[in-house]
Amino acid sequence: MKIFSGSSNKELALKIAKQLDITLSPLEIFVFPDGEKRIRVGERVLGQDCVLVQSTGMPVDSNYMELFLIVDALKRSGAKSVKLVMPYFGYQRQDHIFRDGEDVSLEVIAKTLESVGITDLFSFDLHTPKIPELFKIPVIHLSALLLFSENIKKEFDLKKIVLVTPDMGGIGRIKKISELLGNIPFATIVKDRDLASGDIKDSGLDGQVDGKICVMVDDMISTGNTMADAADLLLENGGQKVFAYATHAVLAGEASNILQNCKIGKVIVSDSLEIPKEKEFEKLEILSIAEIAAKALKNF
Ligand code: R5P
(Lines give C-alpha, C1' and ligand atoms only; values in the text may rest on other atoms or scores of the structure.)
Protein backbone atom coordinates (compact mmCIF):
# COMPACT_ATOMS: atom_id res chain seq x y z
CA MET A 1 0.00 0.00 0.00
CA LYS A 2 1.22 3.51 -0.84
CA ILE A 3 -0.09 6.60 0.90
CA PHE A 4 -0.21 10.12 -0.54
CA SER A 5 -1.28 13.42 0.96
CA GLY A 6 -2.99 16.39 -0.62
CA SER A 7 -2.12 19.79 0.79
CA SER A 8 -5.19 20.18 3.04
CA ASN A 9 -4.19 18.03 6.00
CA LYS A 10 -0.62 16.78 5.75
CA GLU A 11 -0.15 16.48 9.50
CA LEU A 12 -2.96 13.95 9.74
CA ALA A 13 -1.68 12.08 6.65
CA LEU A 14 1.75 11.80 8.32
CA LYS A 15 0.15 10.44 11.50
CA ILE A 16 -1.91 7.89 9.55
CA ALA A 17 1.20 6.80 7.60
CA LYS A 18 3.10 6.42 10.89
CA GLN A 19 0.34 4.22 12.31
CA LEU A 20 0.55 2.09 9.16
CA ASP A 21 4.34 1.97 9.48
CA ILE A 22 4.92 3.43 6.01
CA THR A 23 6.18 6.79 4.81
CA LEU A 24 4.24 9.24 2.66
CA SER A 25 4.93 8.77 -1.04
CA PRO A 26 6.07 11.86 -2.97
CA LEU A 27 3.57 13.99 -4.80
CA GLU A 28 4.41 17.20 -6.60
CA ILE A 29 1.69 19.83 -6.36
CA PHE A 30 2.69 22.74 -8.55
CA VAL A 31 0.64 25.92 -8.41
CA PHE A 32 0.68 28.12 -11.52
CA PRO A 33 0.62 31.92 -11.09
CA ASP A 34 -3.12 31.98 -11.82
CA GLY A 35 -3.88 29.40 -9.11
CA GLU A 36 -4.33 26.38 -11.38
CA LYS A 37 -2.54 23.27 -10.15
CA ARG A 38 -0.53 20.50 -11.78
CA ILE A 39 0.05 17.18 -10.02
CA ARG A 40 2.86 14.70 -10.57
CA VAL A 41 3.11 11.35 -8.80
CA GLY A 42 6.74 11.04 -7.74
CA GLU A 43 6.93 7.25 -7.47
CA ARG A 44 5.92 4.16 -9.48
CA VAL A 45 2.36 3.12 -8.57
CA LEU A 46 1.62 0.70 -11.42
CA GLY A 47 -0.62 -2.08 -10.07
CA GLN A 48 -0.43 -0.68 -6.52
CA ASP A 49 -3.16 0.01 -3.97
CA CYS A 50 -2.94 3.72 -3.20
CA VAL A 51 -4.42 5.81 -0.41
CA LEU A 52 -4.98 9.54 -0.70
CA VAL A 53 -5.60 11.67 2.39
CA GLN A 54 -7.38 14.93 1.65
CA SER A 55 -9.99 16.79 3.69
CA THR A 56 -12.25 19.21 1.90
CA GLY A 57 -12.56 22.08 4.36
CA MET A 58 -11.67 25.66 3.51
CA PRO A 59 -10.82 26.53 0.76
CA VAL A 60 -13.40 23.88 -0.14
CA ASP A 61 -13.47 24.16 -3.93
CA SER A 62 -9.72 24.39 -4.25
CA ASN A 63 -9.21 21.33 -2.02
CA TYR A 64 -11.76 19.38 -4.06
CA MET A 65 -10.14 20.35 -7.36
CA GLU A 66 -6.71 19.32 -6.04
CA LEU A 67 -8.20 16.00 -4.88
CA PHE A 68 -9.73 15.30 -8.33
CA LEU A 69 -6.40 16.07 -10.04
CA ILE A 70 -4.40 13.84 -7.66
CA VAL A 71 -6.78 10.91 -8.22
CA ASP A 72 -6.49 11.46 -11.98
CA ALA A 73 -2.67 11.46 -11.77
CA LEU A 74 -2.70 8.23 -9.72
CA LYS A 75 -5.09 6.49 -12.11
CA ARG A 76 -3.11 7.59 -15.19
CA SER A 77 0.04 6.27 -13.51
CA GLY A 78 -1.59 2.84 -13.28
CA ALA A 79 -2.71 2.68 -9.63
CA LYS A 80 -4.78 -0.47 -9.08
CA SER A 81 -7.04 1.23 -6.54
CA VAL A 82 -7.36 4.67 -4.98
CA LYS A 83 -8.80 4.67 -1.49
CA LEU A 84 -9.74 8.19 -0.52
CA VAL A 85 -9.52 9.16 3.15
CA MET A 86 -11.56 12.35 3.23
CA PRO A 87 -12.03 12.87 6.99
CA TYR A 88 -14.20 15.95 6.45
CA PHE A 89 -16.62 15.77 3.54
CA GLY A 90 -17.15 19.29 2.17
CA TYR A 91 -20.65 20.15 0.87
CA GLN A 92 -22.23 17.35 2.92
CA ARG A 93 -24.82 19.68 4.43
CA GLN A 94 -26.22 20.58 0.99
CA ASP A 95 -27.89 17.19 0.76
CA HIS A 96 -31.31 18.14 -0.59
CA ILE A 97 -33.30 20.97 -2.13
CA PHE A 98 -34.24 23.32 0.69
CA ARG A 99 -36.01 25.83 -1.57
CA ASP A 100 -37.24 25.54 -5.18
CA GLY A 101 -34.58 26.21 -7.77
CA GLU A 102 -31.58 25.11 -5.69
CA ASP A 103 -28.86 22.64 -6.69
CA VAL A 104 -27.98 19.52 -4.68
CA SER A 105 -24.27 20.12 -4.16
CA LEU A 106 -23.65 16.86 -2.31
CA GLU A 107 -24.93 14.82 -5.25
CA VAL A 108 -22.71 16.70 -7.71
CA ILE A 109 -19.68 16.02 -5.50
CA ALA A 110 -20.59 12.32 -5.08
CA LYS A 111 -20.91 11.84 -8.86
CA THR A 112 -17.61 13.61 -9.50
CA LEU A 113 -15.73 11.60 -6.87
CA GLU A 114 -16.92 8.39 -8.48
CA SER A 115 -16.26 9.50 -12.01
CA VAL A 116 -12.65 10.55 -11.33
CA GLY A 117 -12.08 6.98 -10.21
CA ILE A 118 -11.82 6.62 -6.44
CA THR A 119 -12.49 3.02 -5.48
CA ASP A 120 -13.37 3.40 -1.78
CA LEU A 121 -14.20 6.36 0.41
CA PHE A 122 -13.40 6.65 4.12
CA SER A 123 -14.97 9.60 5.91
CA PHE A 124 -15.79 10.64 9.48
CA ASP A 125 -19.07 11.55 11.18
CA LEU A 126 -21.07 12.31 8.08
CA HIS A 127 -23.82 14.87 8.48
CA THR A 128 -26.49 12.28 7.67
CA PRO A 129 -26.10 8.50 7.70
CA LYS A 130 -27.80 8.39 4.28
CA ILE A 131 -24.76 9.83 2.46
CA PRO A 132 -23.16 6.41 1.72
CA GLU A 133 -26.34 5.47 -0.19
CA LEU A 134 -25.51 8.10 -2.81
CA PHE A 135 -22.44 6.12 -3.87
CA LYS A 136 -22.02 2.88 -5.79
CA ILE A 137 -18.50 2.43 -4.39
CA PRO A 138 -17.99 1.35 -0.75
CA VAL A 139 -18.21 4.21 1.74
CA ILE A 140 -16.69 3.46 5.13
CA HIS A 141 -18.37 5.73 7.64
CA LEU A 142 -15.97 6.20 10.56
CA SER A 143 -16.59 8.14 13.75
CA ALA A 144 -14.74 10.12 16.38
CA LEU A 145 -17.48 9.34 18.91
CA LEU A 146 -15.55 6.52 20.56
CA LEU A 147 -12.58 8.85 20.97
CA PHE A 148 -14.88 11.48 22.49
CA SER A 149 -16.59 9.01 24.82
CA GLU A 150 -13.21 7.87 26.16
CA ASN A 151 -12.22 11.48 26.71
CA ILE A 152 -15.52 12.26 28.46
CA LYS A 153 -15.03 9.26 30.79
CA LYS A 154 -11.57 10.55 31.65
CA GLU A 155 -12.59 14.20 32.16
CA PHE A 156 -15.97 14.01 33.92
CA ASP A 157 -17.92 12.25 36.63
CA LEU A 158 -20.59 10.62 34.46
CA LYS A 159 -23.19 10.98 37.23
CA LYS A 160 -22.89 14.75 37.04
CA ILE A 161 -23.24 15.24 33.29
CA VAL A 162 -25.99 15.42 30.71
CA LEU A 163 -25.16 15.04 27.02
CA VAL A 164 -26.69 17.61 24.70
CA THR A 165 -27.15 17.71 20.97
CA PRO A 166 -27.21 21.37 19.96
CA ASP A 167 -29.10 20.43 16.81
CA MET A 168 -32.05 18.05 16.23
CA GLY A 169 -30.15 16.51 13.30
CA GLY A 170 -27.64 15.15 15.83
CA ILE A 171 -30.15 12.99 17.71
CA GLY A 172 -28.73 9.70 16.32
CA ARG A 173 -25.23 10.81 17.28
CA ILE A 174 -26.18 11.76 20.85
CA LYS A 175 -28.02 8.45 21.37
CA LYS A 176 -24.93 6.58 20.19
CA ILE A 177 -22.54 8.40 22.53
CA SER A 178 -25.04 8.02 25.38
CA GLU A 179 -24.96 4.24 24.76
CA LEU A 180 -21.16 4.25 24.68
CA LEU A 181 -21.23 5.92 28.10
CA GLY A 182 -23.75 3.46 29.61
CA ASN A 183 -26.99 5.15 28.52
CA ILE A 184 -26.47 8.39 30.39
CA PRO A 185 -29.22 11.05 29.95
CA PHE A 186 -29.27 13.49 27.07
CA ALA A 187 -31.15 16.63 26.08
CA THR A 188 -31.90 18.12 22.68
CA ILE A 189 -31.84 21.67 21.41
CA VAL A 190 -34.25 22.40 18.60
CA LYS A 191 -33.11 25.29 16.44
CA ASP A 192 -34.79 26.99 13.57
CA ARG A 193 -32.62 28.37 10.74
CA ASP A 194 -33.44 30.96 8.11
CA LEU A 195 -33.29 28.93 4.88
CA ALA A 196 -31.83 31.75 2.80
CA SER A 197 -29.09 33.03 5.15
CA GLY A 198 -28.58 29.95 7.35
CA ASP A 199 -28.79 32.18 10.47
CA ILE A 200 -30.30 30.68 13.64
CA LYS A 201 -33.75 32.29 14.21
CA ASP A 202 -34.94 30.58 17.35
CA SER A 203 -34.03 27.69 19.66
CA GLY A 204 -35.63 25.67 22.44
CA LEU A 205 -34.57 22.96 24.88
CA ASP A 206 -36.06 19.50 25.24
CA GLY A 207 -34.76 17.70 28.37
CA GLN A 208 -33.46 18.36 31.90
CA VAL A 209 -30.12 20.12 32.40
CA ASP A 210 -30.71 21.78 35.78
CA GLY A 211 -27.67 21.42 38.07
CA LYS A 212 -25.81 19.34 35.50
CA ILE A 213 -22.57 19.73 33.61
CA CYS A 214 -23.70 19.93 29.99
CA VAL A 215 -21.55 18.14 27.42
CA MET A 216 -22.56 19.05 23.89
CA VAL A 217 -21.62 16.82 20.98
CA ASP A 218 -22.05 17.82 17.33
CA ASP A 219 -20.65 16.77 13.97
CA MET A 220 -19.11 20.14 13.15
CA ILE A 221 -18.49 23.67 14.26
CA SER A 222 -18.64 26.13 11.40
CA THR A 223 -19.37 29.70 12.52
CA GLY A 224 -19.53 28.64 16.19
CA ASN A 225 -22.94 30.25 16.63
CA THR A 226 -24.80 26.98 17.22
CA MET A 227 -22.49 26.02 20.10
CA ALA A 228 -22.28 29.54 21.60
CA ASP A 229 -26.07 30.08 21.51
CA ALA A 230 -26.68 26.58 22.88
CA ALA A 231 -24.33 27.29 25.81
CA ASP A 232 -26.37 30.39 26.72
CA LEU A 233 -29.61 28.43 26.57
CA LEU A 234 -28.23 25.60 28.72
CA LEU A 235 -26.97 28.00 31.39
CA GLU A 236 -30.29 29.89 31.37
CA ASN A 237 -31.98 26.54 32.03
CA GLY A 238 -29.87 25.79 35.09
CA GLY A 239 -26.87 24.01 33.52
CA GLN A 240 -23.78 24.40 35.73
CA LYS A 241 -21.06 24.42 33.12
CA VAL A 242 -20.93 23.71 29.40
CA PHE A 243 -18.35 21.82 27.32
CA ALA A 244 -18.38 21.18 23.57
CA TYR A 245 -17.18 18.27 21.44
CA ALA A 246 -17.30 18.29 17.62
CA THR A 247 -15.60 16.09 15.05
CA HIS A 248 -15.01 18.72 12.39
CA ALA A 249 -13.52 22.10 13.32
CA VAL A 250 -14.47 24.06 10.21
CA LEU A 251 -13.99 27.33 12.13
CA ALA A 252 -15.33 29.70 9.48
CA GLY A 253 -15.04 33.48 9.83
CA GLU A 254 -15.00 34.62 13.45
CA ALA A 255 -15.65 31.15 14.94
CA SER A 256 -12.45 31.05 17.01
CA ASN A 257 -13.20 34.41 18.65
CA ILE A 258 -16.84 33.49 19.21
CA LEU A 259 -15.88 30.21 20.89
CA GLN A 260 -13.08 31.69 22.97
CA ASN A 261 -15.37 34.45 24.25
CA CYS A 262 -18.55 32.42 24.80
CA LYS A 263 -19.62 30.56 27.94
CA ILE A 264 -18.25 27.17 26.91
CA GLY A 265 -15.46 25.94 29.20
CA LYS A 266 -13.52 23.86 26.67
CA VAL A 267 -13.95 23.00 22.99
CA ILE A 268 -12.68 19.55 22.03
CA VAL A 269 -12.41 18.68 18.33
CA SER A 270 -10.68 16.12 16.13
CA ASP A 271 -7.93 16.71 13.58
CA SER A 272 -10.21 15.81 10.63
CA LEU A 273 -9.39 19.33 9.46
CA GLU A 274 -6.07 21.06 9.87
CA ILE A 275 -6.46 24.11 12.11
CA PRO A 276 -4.20 26.97 11.02
CA LYS A 277 -2.15 28.55 13.86
CA GLU A 278 -4.10 31.81 13.60
CA LYS A 279 -7.37 29.96 14.24
CA GLU A 280 -6.18 28.16 17.37
CA PHE A 281 -7.55 29.49 20.66
CA GLU A 282 -6.91 28.85 24.32
CA LYS A 283 -10.01 26.75 25.03
CA LEU A 284 -9.35 24.45 22.08
CA GLU A 285 -8.16 20.87 22.48
CA ILE A 286 -7.48 18.56 19.53
CA LEU A 287 -7.74 14.76 19.58
CA SER A 288 -6.36 12.71 16.70
CA ILE A 289 -8.41 10.34 14.53
CA ALA A 290 -5.26 8.96 12.87
CA GLU A 291 -5.39 5.61 14.67
CA ILE A 292 -9.05 5.06 13.75
CA ALA A 293 -8.35 5.85 10.07
CA ALA A 294 -5.26 3.62 10.00
CA LYS A 295 -7.12 0.68 11.58
CA ALA A 296 -9.93 1.04 9.04
CA LEU A 297 -7.44 1.08 6.15
CA LYS A 298 -5.75 -2.05 7.52
CA ASN A 299 -9.02 -3.90 7.95
CA PHE A 300 -10.68 -2.98 4.70
C1 R5P B 1 -26.06 21.47 11.68
O2 R5P B 1 -26.88 20.90 11.03
C3 R5P B 1 -24.75 20.91 12.12
O4 R5P B 1 -24.89 19.70 12.80
C5 R5P B 1 -24.03 21.92 13.00
O6 R5P B 1 -24.80 22.13 14.17
C7 R5P B 1 -23.86 23.22 12.29
O8 R5P B 1 -23.36 23.02 11.00
C9 R5P B 1 -22.95 24.16 13.05
O10 R5P B 1 -22.89 25.34 12.35
P11 R5P B 1 -22.45 26.70 13.02
O12 R5P B 1 -21.21 26.44 13.82
O13 R5P B 1 -22.22 27.62 11.84
O14 R5P B 1 -23.58 27.19 13.84
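A pocket is an open set of points on a 1 Å grid over the protein atoms alone, where a 1.4 Å probe fits, with protein on both sides within 12 Å along at least five of seven lines; lining residues have an atom within 4 Å of a point. A volume is the space filled by probe spheres set on the points, which are joined across faces, edges and corners.

This model is predicted: local features need pLDDT of at least 70, side-chain atom pairs count only at pLDDT 80 or more, and totals for chains, interfaces and linings use all residues. Residues are numbered from 1 along each chain as its sequence is written, and side-chain values use heavy atoms, with hydrogens and water left out.

**Exercise 1. Find the domains and state how they meet.**

Step 1. Split the chain into domain 1 (2-142) and domain 2 (145-288). These bounds come from an automatic or database domain assignment.

Step 2. Take the C-alpha centres of domain 1 and domain 2: they lie 27 Å apart.

Step 3. Look for contacts (heavy atoms within 4.5 Å). Domain 1 uses 19 residues to touch 18 residues of domain 2.

**Exercise 2. Describe the largest pocket and place it.**

Step 1. The largest pocket has a volume of about 1300 Å³. Its lining counts 44 residues, and R93, H127, D167, K191 and R193 are the closest to its centre.

Step 2. Locate it. Domain 1 and domain 2 both give residues to the lining, so the largest pocket lies between them.

Step 3. Name the elements. Helices (H or I, at least four residues) and strands (E, at least two) are DSSP runs, numbered from the N terminus. At least two lining residues come from each of β7 (139-142), α5 (171-180), β9 (186-193), β11 (213-221) and α6 (225-236). β11 gives the most, with 4 residues.

Step 4. Sort by class. Ala, Val, Leu, Ile, Met, Phe, Trp, Tyr, Cys and Pro are nonpolar; Asp, Glu, Lys and Arg are charged; the others, Gly among them, are polar. The lining of the largest pocket has 12 nonpolar, 17 polar and 15 charged residues.

**Exercise 3. Do the same for the second largest pocket.**

Step 1. The second largest pocket holds about 240 Å³ of space.

Step 2. Its lining is S143, L146, L147, E150, S288, E291, I292 and K295. α4 (145-155) and α8 (290-299) each supply at least two of the lining residues.

Step 3. By class, this lining has 3 nonpolar, 2 polar and 3 charged residues.

**Exercise 4. Follow α6.**

Step 1. α6 has 12 residues and reaches 16 Å from first C-alpha to last, close to the 16 Å expected at 1.5 Å a residue. The expected span is 1.5 Å times one less than the number of residues.

Step 2. Pick out the buried residues (under 20% relative accessible area; exposed is over 50%, partly exposed in between; 1.4 Å probe, protein chains only). In α6 they are T226, M227, A228, A230, A231, L233 and L234.

Step 3. Find their partners. The buried residues of α6 pack against several elements, including β8 (161-165), β10 (200-206) and α7 (255-261).

Step 4. Go past the end: G238 follows α6, with a positive phi near 95 degrees.

**Exercise 5. Sort the backbone exceptions.**

Step 1. Recall the rule. Most residues other than glycine have a negative phi, and most peptide bonds are trans.

Step 2. The M58 to P59 peptide bond is cis, with omega near -5 degrees. P59 sits in the loop between β4 (49-53) and α2 (60-76).

Step 3. N183 has a positive phi of about 60 degrees. N183 is exposed, with 58% relative accessible area.

Step 4. L251 has a positive phi near 50 degrees. L251 counts as buried, at 3% relative accessibility.
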